[in-house]
Amino acid sequence: VAKLLLLYPGRDVCQITCSTCPSSSSTMLPIRNLARTAAPTAARAFGSEATLPTALYDLHLSLKGKMVPFAGYTLPVLYETEEGGVMKEHLHCRSAGKSSLFDVSHMGQLRWRGADRVAFLEKVLVGDIGGLGEGEGRLSLITTNEGTIIDDTVLCNAGDSVYMVVNGACKHKDMAHFEEEMAKFGGDVSMEYCDDLALVALQGPGATATVAKLVPSSVDLSKVDFMTGFDTTLAGIEGCRLTRCGYTGEDGFELSVPNDKAELLAQAILEDSSVLPTGLGARDSLRLEAGLCLYGNDIDDTITPIEANLTWTIGGPKSRRRTEQGFNGADKFLTPEGKLKKTTKKRVGLMGFKAPAREGAELFLGDEQVGHVTSGTFSPCLKKPIAMGYVSKELAKEGTEIQVKIRNKMQKAVVTKMPFVPTNYYKAA
C-alpha cells in the first residue's frame, strides 16, 4: 500500500481499496508529502518544477528507481523491484545484518575556515561548537533573532575546518543567511559550499560490516562513535569523508565523495548483497518512527527550540551555552540565568487512532482545538499509525488522551513518548 500511496503524488489521499492494506480497506490513507521547500512556502506535494540530477541519477534509473522532484533535485522515492517498495525498503533497513543505501546528495555540504570560525558558528547556532574535540560532531539549530528555527544541521570539528551538512530544501536560504551574518560579524571566517561532492547514507544494523570493507585497514570502526567523523579514502577513492550518523534511528554512516566518483563508491557498496538501494519514501517513515523532525513539517521559522522539544541541542540547565548564550534569539526563549521561558505548546508523539492522521489534521480536547498533526504515517514496524504534532503545553504529558479529526470524524489519540521504536545509535565500549 505504501508503494501505491507514493505512486499517486497528485492526490491528497489514496482512494484505492486493497486487501493487503495495513489499515481497514475502506480507509482513505494520506499521501506522504515528501517534496519540501523552505517554510512558510513549503511545497505540500511532489512538484513539476525544474530539477537537477544528482551524480547517481543514471545508477538510480538502472536500479529501477521511481524518480520524483525533491528539494530541487530528481531522486528515487522507491525502487520498482521485487525487493523494493516503501514497506520492504523500510523493514530491510531495520533488519539484522542488513543496511540500506540512500542518495542524500541534495543536502548542502559546507566547510568553515578561519581563526574565528567557532566564534561565528556559536553566533548563528545554538550548540556548544567550541567544546567539540577533533572528529566530534553534533546536531544543532540555526536560529533567527526571534529565537525560531531556520534549519537544523549536523556539523563536525574537522581539525583545520568545521564540516557542516544542512537540509537540501533549505541550503540556499541557509547560505544567504550565513552570508548576511558574516558581513555583520567582521571576523576571520569563510564558508565554502562543496557542490563538487555527493553524499550517500548507509543505514542499518549491517552498515558497519559493509563500510569496514571500504575504509583503509588502519581504520577500526569499533572505536568510531555515533556523531564522529574524519576524512578518509573509501573503496580506494581519495577526497572522501565518513561521518557515523544518519536520520533513520539506526546505526549508520554518511559518506561524502567527489561527484565524479560517486557511482563508483555506490557500486562498491551495492556489491554487498546485504545492502538494498532505498528511496525517499522509506527514509521519511524511518525518521518518523525514530521521532526525528522534518524541516518544513515539524519545525520551521515559527517554532522555537522549547516548543520543538529540542533544547537538548543547546545543553543542560547549567551548560555554557545555556548560561553564556550569545546566539541569535537566545533572549526570546531563555532567561538571563539560562532557564527556559514559558511556552504555550509542545511537540509530541501521537498514537491510538485507527487510520493514519495526515499533516494538518486537527487535534481536539472535547470541542476545543488544542493542536495539529505535523507528520503522520503507518508504521511498518509497529503495524499501526503514528504521528507527530503540537499540542497545548498542559496536554503534552505522556498518556494524555485527546482526539484527532480524520476525514471529519473524531478518533481517539494518545500523547506518546518518542521515539516510537528503539534507536540503535552506536557507542564505543
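**Exercise 1. Strand 10 and its neighbours**

How many bridges join strand 9 to strand 10, and do these strands run parallel or antiparallel? Determine also how strand 10 is placed in the model, which is a predicted one.

*Solution.*

Step 1. Strand 9 comprises residues 149–157, and 5 bridges join it to strand 10. The two strands run antiparallel. Within this pair, V154 stands opposite V165 of strand 10.

Step 2. Consider the connection between these strands. Strand 9 and strand 10 form a hairpin with 4 residues between the strands. In this hairpin G159 takes a positive phi near 85°.

Step 3. Strand 10 has a further partner, strand 7 (residues 108–113). This pairing is antiparallel as well and extends over 5 bridges. In strand 10, V166 is the bridge partner of G108.

Step 4. Recall a general rule: in a regular strand the side chains alternate between the two faces of the sheet. In strand 10, V162, M164 and V166 point one way, whereas Y163 and V165 point the other way.

Step 5. Burial is assigned under 20% relative accessible area. Because 5 of the 5 residues of strand 10 (residues 162–166) are buried, the strand is largely enclosed by the rest of the structure.

**Exercise 2. A sheet of 3 strands**

In what order do the strands of the open sheet that includes strand 3 lie, and which strands form its edges? Describe also the helix that lies across strand 4 and strand 5.

*Solution.*

Step 1. The order is 3-5-4, and the pairing in this open sheet is mixed.

Step 2. Strand 3 (52–53) and strand 4 (65–70) are the edge strands, since each pairs on one side only.

Step 3. Strand 3 and strand 5 (residues 73–79) run parallel and are joined by 2 bridges. The bridge partner of L52 in strand 5 is Y73.

Step 4. Helix 8 (residues 280–289) lies across strand 4 and strand 5, at about 75° to strand 5. Of the 10 residues of helix 8, 10 are buried, and the helix is thus mostly covered. The buried residues include charged-letter entries of the sequence such as R283, D284, R287 and E289, as well as L280, L286 and L288.

Step 5. Just after helix 8, G291 takes a positive phi of about 70°.

**Exercise 3. The nonpolar cores**

Which residues of the largest nonpolar core touch the most other members, and which element supplies the largest share of this core?

*Solution.*

Step 1. The largest nonpolar core has 25 residues, and L101, L234, L242, L255, L265 and I269 touch the most other members.

Step 2. Each of the following supplies at least two residues of this core: strand 12 (197–203), helix 6 (207–212), strand 14 (237–243), strand 15 (252–258) and helix 7 (262–270). The largest share, 5 residues, comes from helix 7.

Step 3. Take L255 as an example. Leaving aside its neighbours within four places in sequence, L255 is in contact with A198, L199, V200, L234, R241, L242, L265 and I269.

Step 4. Another core, of 19 residues, lies apart from this one; among its members are L110, F120, L155 and V166.

Step 5. F120 is also one of the buried residues of helix 4 (residues 117–124), together with R117, L121, E122 and V124. What covers these buried residues includes strand 7, strand 8 (137–143), strand 9, strand 10, helix 5 (171–185) and helix 9 (320–324).

**Exercise 4. The cysteines**

How many disulfides does a search of the whole structure find? Explain why C245 forms no bond with C156.

*Solution.*

Step 1. The search finds 0 disulfides.

Step 2. The cysteine sulfur closest to that of C245 belongs to C156, and the distance is 8.7 Å, so the two are too far apart for a bond. The cut-off for a disulfide is 2.5 Å.

Step 3. C245 has a relative accessible area of 4% and is therefore buried. C170 also counts as buried, because its relative accessibility is 2%.

**Exercise 5. The loop residue G114**

Is G114 buried or exposed, and which residues does G114 touch beyond those up to four places away in sequence?

*Solution.*

Step 1. G114 is located in the loop between strand 7 and helix 4.

Step 2. G114 counts as buried because its relative accessibility is 18%.

Step 3. Beyond residues up to four places away in sequence, G114 touches D188 and V189.

Step 4. G114 and M191 are 77 residues apart in sequence, yet their C-alpha atoms are 9.0 Å apart in space.

Technical notes: Residues are numbered from 1 along each chain as its sequence is written. This is a predicted model: local features need pLDDT of at least 70, side-chain atom pairs count only at pLDDT 80 or more; totals for chains, interfaces and linings use all residues. Side-chain values use heavy atoms; hydrogens and water are left out. Buried means under 20% relative accessible area, exposed over 50%, partly exposed in between (1.4 Å probe, protein chains only). Two strands pair if DSSP finds at least two bridges between them. Contact means heavy atoms within 4.5 Å. Axes are lines fitted to C-alpha atoms, for helices over the stretch in contact, and angles run from 0 to 180 degrees between N-to-C directions. A nonpolar core is a set of buried Ala, Val, Leu, Ile, Met, Phe, Trp, Tyr and Cys residues joined through side-chain atoms within 4.5 Å.
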